[in-house]
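The exercises below are meant to be worked through with the coordinates open, and each task is followed by a solution that goes step by step.

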Amino acid sequence: MERQSPAFSILIHACALLLAAVILAPIAWLFIMSISPAADLAAKPLRWWPQSADFSRYQQLLSTAENSAGAAFTSSLRNSLEIAGMATIAALALAIPAGWAVSRTPSIGWSLSMVIATYMLPPVALAVPLYMGLSYLGLLNNVFGLALVYLTILAPFTTWLMKAGFDSIPREIEAAAMIDGAGLFQTLRIITLPLAAPVMATSALFAVLLAWDEFFYALLFTSDQRAKTLTVAIADLAGGRVSDYGLIATAGVLAALPPVLIGLVMQRALISGLTSGGVKG
Amino acid sequence: MSGTWMTTRAWLLMLPLLVVMVAVIGWPLVDTVGLSFTDAKLVGTGGNFVGFDNYANMLSSSNFSRTLVTTTLFAVISVAAEMVIGVLAALLLNQQFHGRAILRALMILPWALPTVVNATLWRLIYNPEYGALNAALTQLHLIDAYRSWLGEPGTALAALIVADCWKNFPLVALIALAALQAVPRDITAASLVDGAGPFNRFRFVILPYLAGPLMVALVLRTIEAFKVFDIIWVMTRGGPANSTRTLSILVYQEAFSFQRAGSGASLALIVTLLVTVLAVAYAALVRKTAGSAA
């Protein structure tokens, strides 16, 4: 073990402080903006610390009074939750059987490779026909339509994670259960799926994060409160004529809260998922 | 159990996924190819077959070449910076210091922040009248007057790259840190005994362990950066004076703002081809790196 000289130790601590500041300063500022009175944010020189904390914008955004900023925000929050939930469940329903099949029958692995290779496709390469198709089916500006489109992103990724998860469960366990007389689906239900539960949870969280983060398709395929997602609502706020920057910051804090909490709680699982080959966009 | 039945069963279990993938990816892709040879509009029917006209027009337009340069600049600079800063941060996080566990946990925050929230946050920071960057630089007497960081062609792309880097370097750091923790302690100890300096130790002892995971991160980040849309759309919409317009933004404008579905499709396929070439070249490089590191 290398012994640290005091000078080296001081240098390391200084660098660590710098890194912490780089990571935290923008996030802290987002939160401070959300609770600073509008006058503080417009002051010159800028007031970095609010004279009094003002949480009224949170109340304003989470209120459901008609035609308020809150109504647009809460409906987009609900749409994001619904779409992420539906798309995640659908993606897992496709990914679990497919992931198991590829894991146990490597000779069909090339089909999964093709599915995963679609990751390279820029969404713009699919956007025009998807737009026309959704329009034809009457699914433009519709939560079901957007959830369906999100499968283009979620399904390949979750299948990849599930396959890696099943790979780590020895097939001898399944074989032993079958020898004891269990049928295939009984074996999967009693032995394999419970063992794969942690991977399923990780895959589901990844899928939720991906759907929560998605912007491009949501921007194209939604137009009002019936289907607009949080990301689109925030981009509207940021690009619109909102004069209170604190309100935009508040929307950002609320939208960031679920994924940040998931990230902190699931850190270890997320990192092992990431290093096993996938990276969120 | 017979092999054929196993294979048939596996295909049956794959089938739902494959059907959905064909419906939402395969068919649209084929349709995009078809559209790219027509002058179809986004709304309305059909369009006439125009052969390779869309491709010829796109490839010869100054818009395309300028956008390609902007995209390449954005991708190369932001990914290079993310890799360098990420590895440096990982080396730091692998040292011993007080609060190391907390700092490691904090690294997940920028990654977890939704891209649109990140873009909005930096847009507020860069705000020409009330932004924190102007305020901080003025109060530190580094600039005399507030500037419009996203409003001037000279600074907009650099400002975007900083915002993109801040979000993505922690991911590279976490991947590199995981690889660093896999370096056996006795190997680094042995290199110390053999008198290797810090640089040589990094180059010959540690880097071989990092090379594989970093190459994967490099490939995936480059593909992402080449496809970039969200952060640019929210922060600048490709402006000012198109100085931050990337290929995906150009496709969006062509196909959806101007509703020229045919030429938008041809451009989208050109982008797809570029990304594919990039990915294949990288894949070869990854295989080579993995081979030499083993």
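Helices here are DSSP runs of H or I with at least four residues, numbered from the N terminus, and strands are runs of E with at least two. The model is predicted.

**Exercise 1. Describe the fold of chain A and compare its secondary structure with the record.**

Solution. Begin with the element count: chain A comes to 13 helices and zero strands. The C-alpha trace of chain A spans about 75 × 70 × 35 Å along its principal axes, and buried residues make up 44% of its 281 residues. Next, consider contacts in chain A between residues at least 6 apart in sequence, of which 73% join residues at least 24 apart.

Then turn to the annotation, where an unreviewed UniProt entry places the feature "transmembrane region" at several stretches of chain A, including residues 7-32 and 245-266. Over residues 7-32 of chain A the chain is 100% helix and 0% strand, with the end C-alpha atoms 35 Å apart. Over residues 245-266 of chain A the helix share is 95%, the strand share is again 0%, and the end C-alpha atoms are 31 Å apart.

**Exercise 2. Characterise the contact between chains A and B.**

Solution. First establish the two sides: chain B contributes 80 residues and chain A contributes 74 residues. Within the side of chain B that touches chain A, the largest share, 18 residues, comes from helix α1 (residues 3-35) of chain B. Finally, sort that side of chain B by class, which gives 63 nonpolar, 11 polar and six charged residues.

**Exercise 3. At what angle do helices α8 and α10 of chain B pack, and which residues meet?**

Solution. Helix α8 (residues 153-180) of chain B and helix α10 (residues 198-226) of chain B pack at an angle of about 150°, and their axes are 9 Å apart. Because angles over 145 degrees count as roughly antiparallel, α8(B) is roughly antiparallel to α10(B). The handedness is a separate step, and here α8(B) passes α10(B) in a right-handed crossing.

Now list the residues: α8(B) brings Asn168(B), Val172(B), Ile175(B), Ala176(B), Ala179(B) and Leu180(B), which meet Ile206(B), Tyr209(B), Leu210(B), Pro213(B), Leu214(B), Ala217(B) and Arg221(B) of α10(B). The residues of this contact divide into 11 nonpolar, one polar and one charged.

**Exercise 4. Locate the cis peptide bonds that precede Pro45(A) and Pro240(B).**

Solution. In chain A, the peptide bond from Lys44(A) to Pro45(A) is cis, with omega near 0°, and Pro45(A) lies in the loop between α2 (38-42) and α3 (56-62) of chain A. In chain B, the peptide bond from Gly239(B) to Pro240(B) is cis, with omega near -10°. Pro240(B) lies in the loop between α11 (230-235) and α12 (247-257) of chain B.

**Exercise 5. Are Asn141(A) and Arg237(B), which have positive phi values, buried, partly exposed or exposed?**

Solution. Phi of Asn141(A) is near 55°, a positive value in a residue other than glycine, and this residue sits in the loop between α6 (124-137) and α7 (143-167) of chain A. A residue is buried with 20 or more other C-beta atoms within 10 Å of its own, and exposed with 12 or fewer. Asn141(A) has 17 such atoms within 10 Å, so Asn141(A) is partly exposed.

For Arg237(B), phi is likewise near 55°, and the residue belongs to the loop between α11 and α12 of chain B. Arg237(B) has 16 C-beta neighbours inside 10 Å and therefore counts as partly exposed.

Terms used:
Residues are numbered from 1 along each chain as its sequence is written. Chains are lettered from A and ligands numbered from 1 in the order in which they are written. This is a predicted model: local features need pLDDT of at least 70, side-chain atom pairs count only at pLDDT 80 or more; totals for chains, interfaces and linings use all residues. UniProt positions are given in the numbering used here, feature names are shortened, and annotations may be inferred rather than shown by experiment. Two residues are in contact if their C-beta atoms, placed from the backbone, lie within 7 Å. Ala, Val, Leu, Ile, Met, Phe, Trp, Tyr, Cys and Pro count as nonpolar, Asp, Glu, Lys and Arg as charged, and the others, Gly among them, as polar. Axes are lines fitted to C-alpha atoms, for helices over the stretch in contact, and angles run from 0 to 180 degrees between N-to-C directions. Angles under 35 degrees count as roughly parallel, over 145 as roughly antiparallel, 65 to 115 as roughly perpendicular and the rest as oblique. A crossing is left-handed if the near helix is turned anticlockwise from the far one by less than a right angle, and right-handed if clockwise.
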